[in-house]
Amino acid sequence: MKLNNLNDLFIHELKDIYNAEKQITKALPLMMKQASSTQLKKAFEMHLGETEKQIERLEQVFDLLGMKASGEKCKAMEGIIREAQDMMSENADSEVMDAALIASAQRVEHYEIAGYGTLCTYAKQLGHKEVLNLLLMTLEEEKATDLKLTDLAESKINIKAEHKGTK
């Protein structure tokens, strides 16, 4: 697809984030299984449900634009997830692995925040008000998830990981 204008770029980026979300729905169950913290497992489970709703929201966006929902391989998310999988294969203490899982999940969140922020800017510029509202809901959810992960890391998980092996 040739990118002739901002709308073409907007569609390209929508397809990218749609594929990224689909990849995330496959990665989160693996991260849930690897997590030892009950709170972290619940956070991942909650975000999986949220991600499924975000995919539905993106499908609404495509529908509003008169397009069939489809993805374009998101190589960035593929790489972020591959790094997370590599980390999960490390021989790590469970508390240290939980800290690593949060780091991996936040890389995902930060990519999504950047992607949705850009899409919101484009939707606003292109006058897609209804689309913008849907994208803004997702952007706010991604930011909230990032904050929850930070809080979980700073209040519990990183502390446990820090004191591991120092007894």
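How exposed is K143: buried, partly exposed or exposed? That residue comes back in point 4, after a quick tour.

1. First, the overall picture. This is a predicted model, so keep that in mind as you look around. The protein chain has five helices and zero strands, and reading along the sequence gives you α-α-α-α-α. The C-alpha atoms fill a box of roughly 60 × 25 × 20 Å along the principal axes. Of the 167 residues, 42% count as buried. If you take the contacts between residues at least 6 apart in sequence, 79% of them join residues at least 24 apart.

2. Next, helices α1 and α3. Helix α1 covers residues 6-34 and helix α3 covers residues 75-88; their axes come within 10 Å and cross at roughly 10°. That angle is under the 35 degrees cut-off, so α1 counts as roughly parallel to α3. On the α1 side the contact is made by A20, Q23, I24, A27, L30, M31 and Q34, and on the α3 side by M77, E78, I81, Q85 and M88. Hold on to E78, since it turns up again in point 4 as a salt-bridge partner of K73.

3. Now helices α2 and α4. The axes of α2 (residues 38-64) and α4 come within 12 Å, with a crossing of roughly 20°. That makes this pair roughly parallel too, and the crossing is left-handed. From α2, the residues making the contact are L40, F44, H47, Q54 and L58; from α4, they are D98, L101, I102, A105, E109, E112 and Y116.

4. On to the charged pairs. Side chains of opposite charge can pair when their charged atoms come close. The count here comes to three salt bridges. R57 and E141 meet in one of them, at 3.0 Å from N to O. This pair links distant parts of the chain, with R57 in helix α2 and E141 in helix α5 (residues 129-162), 84 residues apart. R57 counts as buried because its relative accessibility is 10%. E78 pairs with K73, and their closest N and O atoms are 3.5 Å apart. Here E78 is partly exposed at 28% relative accessibility, and K73 is also partly exposed, at 47%. K143 pairs with E140, with the closest N and O atoms 3.8 Å apart. Both K143 and E140 sit in helix α5, three residues apart, or about one turn of the helix. And to settle the opening question: K143 is partly exposed, because its relative accessible area is 35%. Its partner E140 is partly exposed as well, at 45% relative accessibility.

5. Finally, a residue I'd like you to look at: E112. You'll find it in helix α4, which spans residues 94-126. What is the nearest side chain of opposite charge to E112? It's R57, 9.9 Å away, and E112 is buried yet has no salt bridge. A salt bridge needs the nitrogen within 4 Å of a carboxyl oxygen, so the distance of 9.9 Å leaves E112 without one. R57 itself is in a salt bridge with E141. Leaving aside neighbours within four places in sequence, E112 is in contact with I17, E21, I24, H47, Q54, M77 and E142. Among those, H47 and Q54 are on the α2 side of the contact described in point 3, while I24 and M77 take part in the contact between α1 and α3 from point 2.

Key: Residues numbered from 1 in each chain as written. Predicted model: local features only at pLDDT ≥ 70, side-chain atom pairs only at ≥ 80, totals over all residues. Heavy atoms only, no water. Helix = DSSP H or I, 4+ residues; strand = E, 2+ residues; numbered from the N terminus. Buried < 20%, exposed > 50% of the residue type's maximum accessible area, 1.4 Å probe, protein only. Lys, Arg positive; Asp, Glu negative; His and termini not counted. Contact = heavy atoms within 4.5 Å. Axes fitted to C-alpha atoms, helices over the stretch in contact; angles between N-to-C directions. Parallel < 35°, antiparallel > 145°, perpendicular 65-115°, else oblique. Left-handed = near helix turned anticlockwise from the far one by under 90°.
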